[in-house]
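Could you have a look at this one with me? I jotted down a few points while going through the cysteines and one of the sheets.

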Amino acid sequence: MCARQSCQKMNFKVFIASFCLVVMAKSENAFQFRQERSLASEKDFTRGVNSTALISVSIQLRFTDFTNENVIPAVNITAANGTTAFQFLQQAAQQNPCYLSQYITYPNLGHYITTICCVAQNTTSNFYWFVYINNALSPVGVDGLIPNNGDILRFEYRFINSTDGNHTETSAAKSPKVGKQDSMQMISVSVKLTFTNYPNPNVQPPEQVIAANGTTAFEFLQLASQLNPCYLFNYTQFSFGRYITTICCIEENKATQFYWFIYLNGIPSPVGADLLKPKNGDTLTFEYQMSTNTDHSTSAPTPRSATPRRATPRSGTPIINPKPTGKGQQMPAASLNVFISMAIGILAQKF
């Protein structure tokens, strides 16, 4: 009888142990299956995100009414496939302020570009902005034009002959003026623009300006603007002289304390633009920078383009927060195994 009871107890222990081992194996397999399915889903999601191809497009400006039509350097933009010409222009403006634009939005038609680099369309002279893709005139507007990888997207300011309906490639190039051309000695000065609120402050190359000795900094800036539209500027007239408020459509901003400052050979000018007279070989710099002074009481209204955002081109690939990896994922199965082992021990003691 005792032998029979001992045998029954032994068989029950074996049954319990076998049952627990089966439960442990199934729970481990189930957890591994969930883990593998989760990892597979994450990989599939990642593959779906990365399938958005990135393309590189060269953005250019051309001014047919300037002696050097391609004076503004091109900007290479990397963006998601499907980015429109209008969006490429906006991203280029985040790298170079000369690409800042103004436009009119028409219902059901989209954006119509009227101004780039402070150069606005002129209905009197019949100069307008046109869009070219790989040197061919775009058949659609900036919202319908979607460049491909390696394309050249050009925005061109040129004359249009509207009398016969044809687009005549007529250039009305300006001849840069050269100071007071008399018996006075001519000097050469490098005129620079620096934008400290841009990723590359010296994105715009300097202009070498030749003028008569005695030409002021204000006059040098005027001459530079005839060579490069990015040097176009605005100012306020005071009794003590002219005060520069805007260059390249970037206007002083009281809210951010950004103003235009003048440097001669890297040294802040002690006088204004009308009194500063650079010498031959000098470097005249107009720098847009933050000021700690609060004496800028005379400033013009600040446009929206005064404080462009830093360049943040879309990559098309959102950041994925990876799930924790390593031993932390094995904790549920390990805890279950410990629990089952404890149950086996308790049952074994009772029987």
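Here are my notes, point by point.

1. Keep in mind from the start that this is a predicted model. The distances and angles below are therefore computed from predicted atoms.

2. Let's start with the cysteines. How many disulfides does the count come to? It comes to three. If you number the bonded cysteines along the chain in sequence order, they pair up as 1-2, 3-6 and 4-5.

3. Take C98 and C117, which form a disulfide with sulfur atoms 2.0 Å apart. This pair ties together distant parts of the chain, 19 residues apart. C98 sits in the loop between α2 (85-93) and β3 (101-106), while C117 is in the loop between β4 (110-116) and β5 (119-120). The torsion about the S-S bond is about -75°, so this disulfide is left-handed.

4. Are those two cysteines buried or exposed? C98 has 0% relative accessibility, so it counts as buried. C117 is buried too, because its relative accessible area is 0%; the cut-off for buried is under 20%.

5. Next come C118 and C249, a disulfide with its sulfur atoms 1.7 Å apart. Here the partners are 131 residues apart: C118 lies in the loop between β4 and β5, and C249 in the loop between β12 and β13. C118 is partly exposed, because its relative accessibility is 27% and the partly exposed class lies between 20% and 50%. C249, at 13%, is buried.

6. The remaining pair to look at is C230 and C248, with sulfur atoms 2.3 Å apart. C230 is found in the loop between α3 (217-227) and β11, C248 in the loop between β12 and β13, and they are 18 residues apart. With a torsion of about -85° about the S-S bond, this disulfide is left-handed, so you can add that to your notes. Both C230 and C248 are buried.

7. Now for the strands just mentioned. β11, β12 and β13 make an open sheet of three strands, in that order, with antiparallel pairing. Which strands are at the edges? They are β11 (233-238) and β13 (250-251), and each of them pairs on one side only.

8. Try tracing the contact between β11 and β12 (residues 241-247) yourself: the two run antiparallel and are joined by six bridges. A handy place to look is F233, which stands opposite I247 in β12.

Definitions and conventions:
Residues are numbered from 1 along each chain as its sequence is written. This is a predicted model: local features need pLDDT of at least 70, side-chain atom pairs count only at pLDDT 80 or more; totals for chains, interfaces and linings use all residues. Side-chain values use heavy atoms; hydrogens and water are left out. Two strands pair if DSSP finds at least two bridges between them. Helices (H or I, at least four residues) and strands (E, at least two) are DSSP runs, numbered from the N terminus. A disulfide is a pair of cysteine sulfur atoms within 2.5 Å. Buried means under 20% relative accessible area, exposed over 50%, partly exposed in between (1.4 Å probe, protein chains only).
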